[in-house]
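Student: I am new to this structure and should like to learn how its features are read. May we go through them one at a time?

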Amino acid sequence: MPLHGLPEHRRVGPSGGRAPGRGGALMGGTRVFGEPIPRREDPRLLTGQGRYLDDLGRDALAAAFVRSPHAHARILDIDVTDALDVDGLVAIYTWEDLPGRVAEPLPLLIPHPSLTHGRTAYPLARDVVRHVGEPVAMVVARDRYLAEDAASRIRVDYDPLPAVVGIEEAARAEHLVHDDVPGNVGAVLEQRTGDVDAAIEAAPHVLEFRLDIERSASMPLEGRGVYARWDADDGSLRVYSSTQASTSVRAAIAAKLGLPPGKVEVIAPDVGGGFGVKIVHPWPEEILVPWAARLLDREVKWTEDRREHFVAAAHERGQVQHVRVGFDDEGRVLGLDVRILHDHGAYTPYGVIIPIVTSTQLLGPYKIGAYRAEVVSLYTNTVIVTPYRGAGRPQGVFCMERTMDRIADHLGRDRAAVREVNLIRPDEFPYDQGLTFQDGRPLIYDSGDYPALLARIKELIGWDSFEEERARAAAEGRRIGIGLGCYVEGTGVGPYEGGHVEIDTSGRVHVATGLTSQGQGHETVFAQIAAAELGVPVEDVRVTTGDTRRFGYAVGTFASRAAVMSGNAIALAARKVREKALRIAAEALEADPRDLEITDGVVHVKGDPSAAVPLRTVAVLSNPLRYAFDEEAQRATQFAVGGDATEPPLRGEEPGLEGRDYYSPVRSTFAAGMHAAIVETDPDTAEVRILRYAVVHDCGRLINPRIVEGQIHGGVAQGIGGALYERMVYDESGQLLNASFMDFLMPYATEIPRIETAHLETPSPLNPLGIKGAGEAGVIPVSAVIASAVEDAEGIRVHSMPLSPDDLYRLRRRAERDESLRTRSGARAARERAT
């Protein structure tokens with residue numbers, strides 16, 4: 001049966017299993033929607049049968065790029081003379097060679113009123129470079145080796161300019177990244193509710209402090225890449241790109257190259273991870289490679305090497321936060337004022353989405369009396385900053401959860417109790433926070449049960465019995481601490497996604513949607529949705545994503561939106577197909593469509609399986625034929641079907657058993673969750689070891705608990721990287737000092753603990769399936785949780801992330817010095833009193 005109804009609030013155990021009788025739709029005795037079936041794409045990917053960008057175009061010409069070695073410099077001259085001697089060289093291009101719109105700056109994708117000085121880069125640098133790694137020239141040669149050889153021979157004469165590196169230096173504005181941007185300020189964004197100054201002034205308690213989060217980056221297993229081929233005969237271009245937004249790349253290429261969109265095909269093959277860095281569109285290479293392919297009438301390909309990814313892709317996270325909070329004796333927040341300095345790098349192609357998300361998602365699951373967030377977004381001579389998994393949420397949650405811990409410490413209250421008094425209650429949904437979210441719509445939480453989440457995470461981690469565990473560890477000479485973090489995640493942002501569902505004459509179901517997949521399990525969950533809606537075995541469903549030939553209208557995969565947007569679109573399309581199938585089958589069976597149901601791909605009369613017709617036959621009957629091509633087709637020809645001679649064979653609908661539909665939400669839906677961890681800090685080496693990590697998450701109805709847990713586990717692993725290991729280290733001249741995996745630390749499996757998970761299901765009332773997103777949930781609160789746990793173990797303030805052993809060692813030494821000063825000061829005061 002189709003999934004038209006929404007279940008009641010459900011709690012799912014740590015294993016992801018459900019209580020008996022509470023699963024998803026039943027298909028031939030097997031639950032489909034809601035079941036943890038194995039990922040259908042894994043056998044292909046794990047046995048080396050994946051088809052990634054670099055597997056394609058083996059005979060294509062190869063592109064390589066000359067990139068700036070300076071963070072800020074004028075280009076005085078580009079001399080290509082020596083490169084011309086390289087055998088196999090095909091072409092060299094600089095900005096001066098680019099025609100028309102190709103030579104213009106890349107698009108500013110998301111304009112916003114607060115972005116008063118938005119700036120984007122040229123595909124190849126014009127006159128000035130503004131970060132190390134900015135492309136200056138493109139070389140095309142017979143293969144990549146020759147292209148790299150030629151690129152190394154190109155001599156660029158630079159006039160170095162002062163580099164602006166770091167948030168504080170950008171704010172001081174002693175030097176400018178862009179001469180026409182005063183103060184290096186690209187945008188000033190403010191969100192507020194109530195009179196913050198008055199609320200804080202009247203509060204019984206007030207705290208002020210600073211927090212810092214440093215840069216990190218996505219680092220997908222597969223870097224960026226693009227491969228293009230031009231068909232001069234019909235003037236069409238086919239482009240393969242390792243992207244999260246194939247339809248958007250198509251639109252950008254068509255606009256820049258002056259081609260009709262219908263003459264441009266963009267296909268995302270298997271994509272080895274994205275995490276946000278591949279949502280930027282177009283990258284310079286996504287314009288230049290197709291342009292060169294058309295110009296040369298040859299296939300051209302470029303794949304990114306690892307150093308290029310470090311210095312020429314995108315980073316995220318860097319913020320400085322100044323917090324002022326007023327609260328009462330219970331810890332209830334009466335007023336919160338946050339001033340944020342945000343580093344957006346050298347350009348702003350993605351606008352101010354990250355500041356918007358930080359300023360709105362900072363509130364988390366709490367009712368805050370009065371609130372103001374002001375974000376000043378600053379240019380620096382460093383790699384651009386665009387969304388990375390979490391996309392501004394980890395910074396906001398770090399701010400809010402550190403604030404909750406500071407309040408608890410100030411009042412001497414339990415940290416969970418302080419959170420409890422601030423939580424939004426289940427009967428207060430929908431809850432309007434009075435702000436504007438990244439989709440331009442009101443920040444209204446649609447559903448949730450935050451007290452239940454808090455109770456469950458406390459139970460899962462053993463919060464109330466932890467002091468006994470701490471005492472046992474202390475008796476063994478070990479130092480442990482516990483931490484907690486809560487978050488709300490806006491998911492399923494618009495404007496829309498679509499789905500197409502077709503049943504062929506063999507009974508196979510073909511599902512297509514325009515968004516792309518980078519490992520999230522879309523082939524599995526979309527198949528589950530279609531199977532549940534149509535009443536067919538999930539094995540009969542085939543899913544295609546990210547191919548503009550199959551589906552031309554889409555937005556992209558980001559912001560935990562795939563399941564909400566494409567999932568609902570596919571469900572709506574499948575319902576159209578189901579309705580048509582029942583109507584056609586009813587005619588064949590001489591029955592009322594309302595008396596029919598579909599089980600295991602067979603339409604039958606309810607309670608009478610003998611009166612049945614397979615869906616494959618229905619697909620044949622849906623297309624009246626003059627000619628018979630096989631035995632099945634014979635059943636749909638004019639003499640076989642017969643029928644009412646006064647009626648046309650095709651009545652009021654298209655032939656075929658297929659349907660297309662779109663889902664466009666009124667506003668985003670909001671998932672939520674809570675994490676907790678127990679850590680041990682080494683008294684000698686200051687290393688932090690995570691002993692236990694627990695997650696409770698609510699993403700509405702679960703399509704596939706196994707995949708949701710995989711998403712959470714992967715997110716937690718990335719969050720641990722951001723909390724303890726990963727940082728981008730620039731020197732004062734703008735050189736990235738750790739631009740390789742030898743120096744940029746990422747956690748291995750040995751650093752990731754077993755992650756205990758449990759789920760709560762509060763369906764969203766905003767979409768037909770009642771689902772919310774889950775893709776970014778795992779990463780969002782990790783830094784806050786680890787900071788809280790280390791602070792609890794050490795008894796010292798943790799105000800900055802990531803936290804390395806060196807950082808913790810310095811914090812210990814500082815705390816010891818401060819304690820020594822306090823002791824000496826107290827002794828001196830005692831002597832003075834005595835005399």
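## Reading the contacts

Tutor: Let us begin with a salt bridge: Glu168 pairs with Arg210, and their closest N and O atoms are 2.5 Å apart. Please keep in mind that this is a predicted model.

Student: Where in the chain do Glu168 and Arg210 lie?

Tutor: Glu168 belongs to helix 3 (residues 167-172) and Arg210 to strand 11 (residues 205-213), so the bridge ties together parts that are 42 residues apart in sequence. Glu168 is partly exposed, with a relative accessible area of 34%, and Arg210 is partly exposed, also at 34%.

Student: How many salt bridges are counted?

Tutor: The count comes to 60 salt bridges. One of them joins Arg594 to Asp592, at 2.8 Å from N to O. Here Arg594 is exposed, with a relative accessible area of 67%, whereas Asp592 is partly exposed at 27%. Salt bridges may also share partners: Arg67, Arg144, Glu148, Arg224, Glu285, Glu304 and Glu308 are joined into one network in this way.

Student: How should a pair of aromatic rings be read?

Tutor: A pair of aromatic rings is described by the distance of the centres and the angle of the planes. In this model the count comes to 12 aromatic pairs. Phe429 and Tyr450 form an edge-to-face pair, with 5.3 Å from centre to centre and 80 degrees between the planes. The angle is read as edge-to-face because it is over 60 degrees.

Student: Which parts of the chain does the pair of Phe429 and Tyr450 link?

Tutor: The pair links distant parts of the chain, 21 residues apart: Phe429 is in the loop between helix 10 (415-422) and strand 19 (431-436), and Tyr450 is in helix 11 (residues 450-461). Both Phe429 and Tyr450 are buried. They also belong to one aromatic cluster with Phe437, Tyr445 and Phe670.

Student: Which charged residues lie over a ring?

Tutor: Among them is Arg406, whose charged end sits over the ring of Phe209, 4.5 Å from its centre. Arg813 lies over the face of Tyr809, at 4.6 Å from the ring centre.

Student: How is the span of helix 18 checked?

Tutor: The expected span follows from a rise of 1.5 Å a residue: the 21 residues of helix 18 (residues 705-725) should span 30 Å. The end C-alpha atoms of helix 18 are 29 Å apart, which agrees.

Student: Which residue caps the N-terminal end of helix 18?

Tutor: Asn704 does so, with a side-chain oxygen 3.0 Å from the backbone nitrogen of Arg706.

Technical notes: Residues are numbered from 1 along each chain as its sequence is written. This is a predicted model: local features need pLDDT of at least 70, side-chain atom pairs count only at pLDDT 80 or more; totals for chains, interfaces and linings use all residues. Side-chain values use heavy atoms; hydrogens and water are left out. Rings of Phe, Tyr and Trp (its six-membered ring) pair if their centres lie within 6.5 Å; planes under 30 degrees apart count as stacked, over 60 as edge-to-face and the rest as tilted. Helices (H or I, at least four residues) and strands (E, at least two) are DSSP runs, numbered from the N terminus. Buried means under 20% relative accessible area, exposed over 50%, partly exposed in between (1.4 Å probe, protein chains only). A charge sits over a ring if NZ of Lys or CZ of Arg is within 6 Å of the ring centre and within 35 degrees of the ring normal. The expected span of a helix is 1.5 Å times one less than its number of residues. A polar contact is a pair of N or O atoms within 3.5 Å; within protein, one must be able to donate a hydrogen and the other to accept it, and residues adjacent in sequence count only if both atoms are side-chain atoms. A salt bridge is a side-chain nitrogen of Lys or Arg within 4 Å of a carboxyl oxygen of Asp or Glu.
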